Amino acid sequence: MVATAIVERTASGVYGGVEPDAAWRDEVLRLAEERDAVILAHNYQLPEIQDIAHHTGDSLALSRIAAQSDARTIIFCGVHFMAETAKILSPEKTVLIPDERAGCSLADSITGAQLREWKAQHPGAVVVSYVNTTAEVKAETDICCTSSNAVDVVRSIPADREVLFCPDQFLGAHVKRETGRENLHIWAGECHVHAGINGPELAERAAANPDADLFIHPECGCATSALYLSGEGIVPAEKVKILSTGDMITAARSTNARKVLVATEVGMLHQLRKAAPEIDFRAVNDRASCTYMKMITPAALLRCVRDGLDEVHVDLETARRARGAVQRMIEIGQPGGGE
Ligand code: SF4
């Protein structure tokens, strides 16, 4: 069923239809070895892409694996800002993304020029950016953050300093509520997928499944609205588990619940079902699917590994400044295995 859908989707696309069968798998892995490449897949990728990858995970974990790997080439199956982050952390390696058009509505909601203008309006403010940003925005940033460490990052900043938080307005609102900080300004960016995970639907699904746990995984912007709404008490607090990727897999293996509602992009269900096949995992909303993530098709991956396209470039000075923002985040606290 899934394979048919992929063939239909790619048949009309730029790269033609490719069946993700055993021959495709063998060819991709053979070409990857020939190219001395490691294939990394984000948790929101199509199941076939997750299954063929050498490693799956969230964007930051994958970037770290990329940096530690001996492979000369990184093939990043995710969206463009994630591949850029891998390049920032491994400037000496060749980083490829199977389709450079795989963008991110959240990362695209603020440009480097817009951030420079915002900074000019708030001289002396500290800029905190969610990792879902372009290399250019990271280069203008003081400290990056993930959904799991955003509160700690903001708390590390002296109380009298203004903070500019971008680009995710839901994560920003969550941080503002948790820290009680009035001098935190929030950029009005958002991920289009979060619209599929709204308050009434979250409350209704939780009420209809009183025995189910509710896993919220806000790593990518897609579920930061759920993070915010759960803090507002829209669902019973004892049912809500806000988890990083690694913790979500661990919780899936250890929970006593037989049913789990998952508030995140639907791709995450694949890893959860593999980790705990006996549990009934259900998406809070089946439509919470990222079209950009799904642009990395089996055909696009085959083309990438065969032709060495599309290569991701970040100029050295931008990479150096962006790396500083990521490293400051790591110094403040490990991103908790999260994003
Ligand atoms: S789910 Fe949202 S935040 Fe994540 S890559 Fe897609 S558009 Fe960007």
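**A buried glutamate and its surroundings in a predicted model**

Good morning. I begin with Glu265, which is located in the loop that links strand 11 to helix 13. The structure is a predicted model, and the mean pLDDT of the chain is 89, with 93% of residues reaching 70 or more. One segment calls for caution: over residues 1-15 pLDDT stays under 50, and the model has 28 contacts beyond four places in sequence for that segment.

Is Glu265 buried or exposed? Its relative accessible area is 1%, so Glu265 counts as buried, the cut-off being under 20%. What does its side chain reach? One partner is the backbone nitrogen of Gly267, at 2.6 Å. The side chain of Lys294 is another, through a polar contact of 2.6 Å. Leaving aside residues up to four places away in sequence, Glu265 touches Tyr44, Val193, Cys222, Ala288, Ser289, Cys290 and Lys294.

Let me now place that loop in its wider setting. Strand 11, residues 259-263, runs parallel to strand 12, and 4 bridges join the two. Between them the chain passes through helix 13, residues 268-275, in a right-handed β-α-β crossover. Within the pair, Leu261 stands opposite Arg282 of strand 12. Strand 12 itself, residues 280-283, has two faces: Phe281 and Ala283 lie on the covered one, while Asp280 and Arg282 lie on the uncovered one.

I turn next to an open sheet of 4 strands. In what order do the strands of this sheet stand? The order is 6-5-7-8, with parallel pairing. Strand 6 (143-145) and strand 8 (184-186) occupy the edges; each has a single partner strand, so one side of each is left without a neighbour in the sheet. On average, and with direction ignored, neighbouring strands here are turned by 25° against each other.

Inside this sheet, strand 5 (residues 126-130) and strand 7 (residues 163-166) run parallel and are joined by 4 bridges. Ser129 has Cys166 of strand 7 as its bridge partner. Strand 5 also holds Tyr130, a buried residue with a relative accessible area of 0%. The C-alpha atom of Tyr130 is separated by 21 Å from that of His313, which lies 183 residues away along the chain.

Cys166 leads us to the backbone geometry. As a general reminder, most residues other than glycine have a negative phi, and most peptide bonds are trans. Where does this model depart from that pattern? Cys166 and Pro167 are joined by a cis peptide bond, with omega about -5°. Pro167 belongs to the loop between strand 7 and helix 9 (169-179). A cis peptide bond also joins Leu309 and Asp310, where omega is about 0°. Asp310 sits in the loop between helix 14 and helix 15 (316-332).

As for phi, Asp36 is not a glycine, yet has a positive value of about 55°. Asp36 lies in the loop between helix 2 (22-34) and strand 1 (37-42), and its relative accessibility of 30% makes it partly exposed.

I close with helix 14, residues 298-307. How many of its 10 residues are buried? The number is 8, and the helix is thus mostly covered. Among the buried residues are Leu301, Leu302, Arg303 and Val305. Just after the helix, Gly308 adopts a positive phi of about 70°. Thank you for your attention.

Conventions. Residues are numbered from 1 along each chain as its sequence is written. This is a predicted model: local features need pLDDT of at least 70, side-chain atom pairs count only at pLDDT 80 or more; totals for chains, interfaces and linings use all residues. Side-chain values use heavy atoms; hydrogens and water are left out. Buried means under 20% relative accessible area, exposed over 50%, partly exposed in between (1.4 Å probe, protein chains only). Two strands pair if DSSP finds at least two bridges between them. A crossover is right-handed if, with the strands pointing away from the viewer, the path from the first strand over the helix to the second runs clockwise. Axes are lines fitted to C-alpha atoms, for helices over the stretch in contact, and angles run from 0 to 180 degrees between N-to-C directions. pLDDT is the predictor's confidence in each residue, from 0 to 100. Contact means heavy atoms within 4.5 Å. A polar contact is a pair of N or O atoms within 3.5 Å; within protein, one must be able to donate a hydrogen and the other to accept it, and residues adjacent in sequence count only if both atoms are side-chain atoms.
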